[in-house]
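Got your viewer open? Here is a short tour, one selection at a time.

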Amino acid sequence: MDDDDGFREFVRVRYVDLLRTAYLLSGSRDAAQDLVQNALVKVMRRWSRVDDPMAYLRRTMVNDRTARWRRIGSRELLTAFVPERWRPDSADAVVERDELLTALGQLPVRMRAVLVLRYWEDLSEADTAAVLGCSVGTVKSQAARGLARLRVLLAPPVTGRQVEAVRGGQA
């Protein structure tokens with residue numbers, strides 16, 4: 001199998017995984033497709049020299065997303081609408097996923113990248129650190145802070161009755 005066939009086969013097998021990671025990094029289907037395409041063009045040029053293409057592609061997508069975020073900064077606006085899904089899903093799962101993606105979109109780019117690589121991509125702390133070019137301690141602290149912020153963002157709102165019950169000694 002020559003390099004072109006190997007690259008084509010890799011893309012055929014891993015494209016959906018790459019697209020999912022890119023979507024979680026960017027929060028937009030269109031931006032995710034752009035991230036994947038740009039990363040694939042970069043790896044295609046170096047295909048014969050790349051030892052671990054998934055690691056290379058993840059790193060490329062994180063770098064590209066970070067560079068875009070720095071260029072446009074606070075001008076980027078994430079909407080509350082989730083792109084259409086290609087497969088049917090139950091209403092509760094869609095609502096939960098939408099809430100999670102919205103909360104994920106409110107995190108800083110690096111923190112979001114740590115959570116996506118660590119928990120969605122299921123990379124180890126060491127592998128996540130290698131992809132992001134940081135220490136394992138940074139991955140641990142960013143993951144802990146990111147999870148804590150997600151818990152706050154996803155916590156149900158406290159009602160007046162709940163506050164009164166706590167003040168009155170009732171739980």
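Start with everything shown: of the 171 residues in the protein, 33% are buried, where buried means under 20% relative accessible area, exposed means over 50%, and partly exposed is in between (1.4 Å probe, protein chains only). You're looking at a predicted model, so local features need pLDDT of at least 70 and side-chain atom pairs count only at pLDDT 80 or more, while totals for chains, interfaces and linings use all residues. Residues are numbered from 1 along each chain as its sequence is written, and side-chain values use heavy atoms, with hydrogens and water left out.

Now switch to cartoon. The protein has eight helices and zero strands, and from the N terminus on the elements run α-α-α-α-α-α-α-α. Helices here are DSSP runs (H or I, at least four residues), strands are E runs of at least two, and both are numbered from the N terminus. Among contacts between residues at least 6 apart in sequence, 62% join residues at least 24 apart; a contact means heavy atoms within 4.5 Å.

**Stop 1: helices 1 and 2**

Select residues 3-26 for helix 1 and 29-45 for helix 2. Their axes sit 8 Å apart and the packing angle is about 140 degrees. Axes are lines fitted to C-alpha atoms, for helices over the stretch in contact, and angles run from 0 to 180 degrees between N-to-C directions. Helix 1 and helix 2 are therefore oblique to each other; under 35 degrees would be roughly parallel, over 145 roughly antiparallel, 65 to 115 roughly perpendicular, and the rest is oblique. The crossing of helix 1 and helix 2 is right-handed, meaning that the near helix is turned clockwise from the far one by less than a right angle (anticlockwise would be left-handed).

Show side chains next. On the helix 1 side, pick residues including F7, V11, Y15 and L18; the helix 2 residues they face as a group include L35, V36, L40 and M44. What classes make up the contact of helix 1 with helix 2? There are 15 nonpolar, three polar and one charged residues. Ala, Val, Leu, Ile, Met, Phe, Trp, Tyr, Cys and Pro count as nonpolar, Asp, Glu, Lys and Arg as charged, and the others, Gly among them, as polar.

**Stop 2: the rings**

Keep F7 on screen and add F10 and W47: ring pairs link F7, F10 and W47 into a cluster. A search of the whole structure finds two aromatic pairs. Rings of Phe, Tyr and Trp (its six-membered ring) pair if their centres lie within 6.5 Å; planes under 30 degrees apart are stacked, over 60 edge-to-face, and the rest tilted.

- F7 and W47: centres 5.3 Å apart, planes at 75 degrees, so the pair is edge-to-face. F7 is in helix 1 and W47 in the loop between helix 2 and helix 3 (53-72), 40 residues apart.
- F10 and W47: a tilted pair, 5.3 Å centre to centre with 50 degrees between the planes. Here the parts tied together are 37 residues apart in sequence.

Buried or exposed, F7? F7 is buried at 12% relative accessible area, W47 is buried at 16%, and F10 is buried as well.

**Stop 3: helices 5 and 6**

Jump to helix 5 (109-120) and helix 6 (125-132). Their axes come within 10 Å and cross at roughly 135 degrees, and this crossing is right-handed. R110, A113, V114, L117 and R118 in helix 5 meet E125, T128, V131 and L132 in helix 6. That contact has five nonpolar, one polar and three charged residues.

Last, click D122 in the loop between these two helices. D122 has a positive phi of about 60 degrees although it is not a glycine, and at 63% relative accessibility D122 counts as exposed.
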